[in-house]
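Subject: Structure handover and notes

Hello,

Here is the structure I said I would pass on. My notes on its aromatic rings and a few related points follow below it.

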Amino acid sequence: MKKYKNAVAFILNDKLVEVNFNDSRSHTPTTTVLNYLRNFPFHRGVKEGCAEGDCGACTVVIGQVNEENKIIYQAVDSCLMFLPMLHGKQLITVEHLARIEDNKIILHPVQQSLVDKYGSQCGYCTPGFVMSLFALYKNYNNPSKEIILDALTGNLCRCTGYQPIIEAAELACVNNGTDHFTDSEENITNILLQIKKSTKTLSLKTKKQTYYRPAKFKKAKLLRSLHPEAIITSGATDIALKVTKKHELLKEIIDISGIEDLKYYEERPNTINVGAGLSLEKLKTLSEKALPALHHMLTVFGSKQIRSLATLGGNIGSASPIGDTLPVLIAYNASVVIESIDNKRIVNINDFIKAYRKTDIHTDEIITGVIIPKPKEGTIVRSYKISKRKDLDISTVSACYALKLNNENIVQSIILAYGGVAATTKRALEAENFIIGKLWNQEIVEEASQIIFREFAPLSDARAGEEMRRIAARNLLVKFYSDSLTF
Amino acid sequence: MKDLQHDSAKLHVTGEAIYVNDIESNQQTLIGKILYSKHAHARIKKIDISQALLINKVHAIVTYKDIPGKNNMGPIVYDEPCLAEDEVNFIGQAIVLIAAENEYACIEAEKAIKIEYEQLEAILDIETAIKKNNLLAPPRKIERGNPDGVLSNCEYKIKDTLHIGGQEHWYLETQSCLCIPGENGEMQVYSSTQNPTETQILVADVLGLESKDVIVESKRLGGGFGGKETQGNHVACWAALLAQKTKRPVKIHLSRDDDQKITGKRHRFIINYEAGFNKEGQIEAIIFEQNSDAGAATDLSMAILERAMLHAENSYFIPNIKIIGKAWKTNLPSNTAFRGFGGPQGMAAMETIIDRIARQLKKDPLEIRYKNFYKISTNNITPYDQLIENNRLFILHDKLSESSDYWSRRKAIHEFNTKNKILKKGIALTPVKFGISFTTSFLNQAGALVLIYKDGTVLVNHGGTEMGQGLYTKILQIASAELGINPKNIKIAPTNTSKVPNTSPTAASSGTDLNGMAVKNAIDILKSRISEVVTVEFNKDFKYDLTKIENIEFENDMVFDNFHKDRSMTFKEVVSMAYLKQVSLSSTGFYKTPAVNFDREKGTGKPFHYFSYGMAVSEVLVDSLTGSHKIIRTDILHDCGDSLNTEIDKGQIIGGFIQGVGWCTTEELKYDKDGNLLNHSPDTYKIPSVQDIPDDLRVELLKDFPNENTIRKSKAIGEPPFMLCFSVWLAIKDAISSIGLHQIEPEFSLPATNETILLSIENLKNKY
């Protein structure tokens, strides 16, 4: 049986493709899937609209075999995906949706519905919408409006005002996901499993770049110790921008997205343990009951295309002051699990973030997971995000609060965690100290909110001014108080 | 008329539709890149390209010295150099062009080019331009009655300033052009342009050629919205220079960030207004001073200012009015056309006045609107002396206020706001009256070329460009209806300057009005030629009861005598016969809009062929603690005359409305102190997403009100719905206002971002 070591293997629509970077002139390991496709004259349906995952014109669908040997279809932004990330997957493009029968083109139901509902005007965003709708079609039958909107949030259209596209989704998604892909699924599954079986670590080298894609965590740790300068990536939703926007040459990359061991979600008696490689989309689904504040934050995090690639480890590792999961993890008092080849550390999230985009991680270490203590009985945890646009936007101010009251309505403990108000995510410690031990009422909260107003010194930038951020930070506590009364 | 689906819909959904960047060009094709100014205002002391020329795979580096023709791409006033010479006037101004085999080589070359600047003082906002008296052109004025005198005697007065933001077009397809050099210096240009003729002229100018040497073709645009009316010319000129120099095809497809940084946008405005009215809310006099940020060059700024002035009163009769328009020159990219073309900015101030009168008099804004609408037989003359005919304001108002349940919802909202402290609701009904025609009257003309082939199929050429608005589909419907044949047998050819010359831009919502009529004219000519042949044929066996040529009809793929229905032939047979009888089966067509004129000096005339009307009611929910808002419901009733295609027209209405909502709410342009645009990608520039449209959106077309004297009694639809967005903008203001129990005028500007909303509420709370 063939072993994959130096070549990336995936199924492009219905054909097995192998890409070997040694003899490729046009591709490198950091070529995006978008640019790879557009190199072919017959794969130009996929469009570049922004090269940063904000418009969805480049949306393609990735088919992956799950634990039950079924193919799961996910829409992703091909501009944010490096070619090797396709290894062992099926890449579905807009050109493969329609079929030809008796010399007639039979459009896929999602395509036909878009035509019938006048869902395209200039047509440039349309292939991306088609692919998001296709993923929706495969995953839901008669989806609710909420599910439809969520599926389309990552696709921008400047012509239609979206209404006809929503109607097209309603019209199309009624066949339990059945289509011509259903017929070939078994065959595709077998090939993908075969590729998986035949791969341990991909090691892709060109004159200027080395790209490792280990399948086992142990191997990743070893590679990490050997390549302290390497960039660790999983979803690449942030790292890819270095290539697409800044045109940087990434010399050494360790891609941990192929390690299944890092994609766990475990409910323990006292904690919930999340693997660093778990996609935010899966985390969103899994955390709905146990960690509602995290779930809520993930509903307004990026878009489905981004969440399907992005991971919790990545969001923590970038240590951005506007990283949306950080205030939530602070409020839950989570800890980060960090491992090297011969050591394992567990660091509280408050100690993990050191400074603006700096973390307590050494060059031989990898973030492997997050331990989230289950909130104590009666603790109220809630997250908030203020952004210019409600969805697919970066926070102007975000916050997550955890409150525990005793029987007399006195604050036993409180965490007020904020993003967007300082160089790092930060707790409003002064306000916390003020509130603890006091009665939880309007007057105290108003006073505490004024402390918050003074406590932070946010910046003015492209998103909002300093004053707006202060007011928002202050008001969110008042909002939390109001929400806490109905909890 | 039967609605056809968008003629490219199947190509769109299968990914088969070809845009400029998708054209399969040969292996020799080079990639072009623009090196642009990093300073808002500077003297260029030195340009050193020597190192860049040595880079592998780089084929050409071009500066202004290499331009064989005129160094200009200004469409009207020649004040926009194609490449900067010794001075740069905005960040994003092109200085050097690079052609290389791939993007990487372009980037390397860009890094290797050294430019020495001497920085000069820059003007980066309207306020500074006013202080320095940096006018672009002499101010314009439209005046009627005695506004100054009447104002000073009015019992009630309002005087304030409104700040209105710009807008990035955010067409999904960034500016792109492919130029292929031909024999004898000729240039074939595939351009994403709304104005193929102007692209042709400017490319010829910079290359030192004539129009006959340059062919521009535009198959489809991935969105235009005015952003490719002149800005498409720039990319074409640059690509053409590189293609001419290298003698190889050159393609330029701007990256999103470059596109946002270097191209012009909707003009931001500062409008000073002063209004006088009586205690009933009847407006007696208004003075507007409109100040627009033209940017670094003229482009279309004066025409845009003109339209802003011509829409300053929106739907209201203002007996005494003065509108002063001033365009100011700043060190920013030259601002340009954008759906509405100044109309939205002009109307925003008028709607603000109405809203403020209502608050001041403690009346409902709708009452004030109704009171001041243009009337049917009196009070029906615009400030520029045009008579308002076929006024649709009252019918729209009556139908919409009823179908949207405006008054009972107003009451419910009041109750909601009394009960809720944090969440506040607001509602507004706003009208649009939009003038249709280019105000530069000679532009109101169009040409067509219709070819009938021997097999009975038809190729239609016209001067309009397809940018998603459905022009080709409407033209197809018109051709099909006029020829009486199945649309399957008709194709609309890509717009090409070698087929139809001297075309006007596809702009001013006029695409179908003008080109549709020109196509009809060509078809009428062809039909009369064919009818002659058919008449002879029908009559060859008769001596009495002859077929008359005027009774020949074209319908259902048949040509027949309407009085002797048995005398008929298929269209295909007729065409074949006409060919054998040596009849010409191709014809040009032409149309000019009748009787439009405008005297700029006097500010009077009949600039518009007719007006398009629409109204919208929006209800919003504002979170007073976060400044976020949500559109709960919008009802729209719009007047399209006899709609040519109801679904396409509805698509224009919803799309235009949502684009306007973006301008009014989340789309914000900020510059740093050096003149760098901070929002140059969708990361920070936020157009509406699918989550931002109203939860409940109800759109209806006004039925049974055909338009006079237009193609198949239809009305233009491209721009007017954009301005329905004021219903959302003012509903937000209404919600804010409720926090001060409508006693205090809230601070408000456009866009109403969550920041604007939050700061306004903060201010209101401090006052209250």
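Is W663(B) buried or exposed? The model is predicted, and in it W663(B) is buried, with a relative accessibility of 0%.

W663(B) pairs with F722(B): the ring centres are 5.6 Å apart and the planes meet at 40 degrees, so the pair counts as tilted. The two residues are 59 apart in sequence and the pair links distant parts of the chain. W663(B) belongs to helix 17 (residues 646–664) of chain B, while F722(B) is in the loop between strand 29 (696–701) and helix 18 (726–739) of chain B. F722(B) is also buried, at a relative accessible area of 0%. A charge is placed over this tryptophan as well: the charged end of R266(B) sits over the ring of W663(B), 5.1 Å from its centre.

Over all chains there are 28 aromatic pairs. One of them joins F373(B) and F394(B) in an edge-to-face arrangement, with 5.8 Å centre to centre and 90 degrees between the planes. F373(B) lies in the loop between helix 11 (365–372) and helix 12 (393–403) of chain B and F394(B) lies in helix 12 of chain B, so this pair ties together parts 21 residues apart in sequence. F373(B) is buried at 0% relative accessible area, and F394(B) counts as buried at 16% relative accessibility because the cut-off is under 20%.

Now chain A. Its domain assignment gives domain 1 (1–199) and domain 2 (380–487). The centres of domain 1 of chain A and domain 2 of chain A, taken over C-alpha atoms, are separated by 40 Å.

Ring pairs also build a cluster in chain A, made of Y384(A), Y401(A), Y418(A), W440(A), F456(A), F480(A) and Y481(A). Elsewhere in the list of ring contacts, K438(A) lies over the face of F434(A), 4.1 Å from the ring centre.

Which residues does L476(A) touch, leaving out those up to four places away in sequence? They are Y384(A), I386(A), V397(A), A399(A), Y401(A) and T626(B). Y384(A) and Y401(A) are among the members of the ring cluster. L476(A) itself lies in helix 17 (residues 466–485) of chain A and is buried, with a relative accessible area of 1%. From L476(A) to I435(A) the separation is 41 residues in sequence and 15 Å in space, C-alpha to C-alpha.

Regards

Definitions and conventions:
Residues are numbered from 1 along each chain as its sequence is written. Chains are lettered from A and ligands numbered from 1 in the order in which they are written. This is a predicted model: local features need pLDDT of at least 70, side-chain atom pairs count only at pLDDT 80 or more; totals for chains, interfaces and linings use all residues. Side-chain values use heavy atoms; hydrogens and water are left out. Domain bounds come from an automatic or database domain assignment. Rings of Phe, Tyr and Trp (its six-membered ring) pair if their centres lie within 6.5 Å; planes under 30 degrees apart count as stacked, over 60 as edge-to-face and the rest as tilted. Helices (H or I, at least four residues) and strands (E, at least two) are DSSP runs, numbered from the N terminus. Buried means under 20% relative accessible area, exposed over 50%, partly exposed in between (1.4 Å probe, protein chains only). A charge sits over a ring if NZ of Lys or CZ of Arg is within 6 Å of the ring centre and within 35 degrees of the ring normal. Contact means heavy atoms within 4.5 Å.
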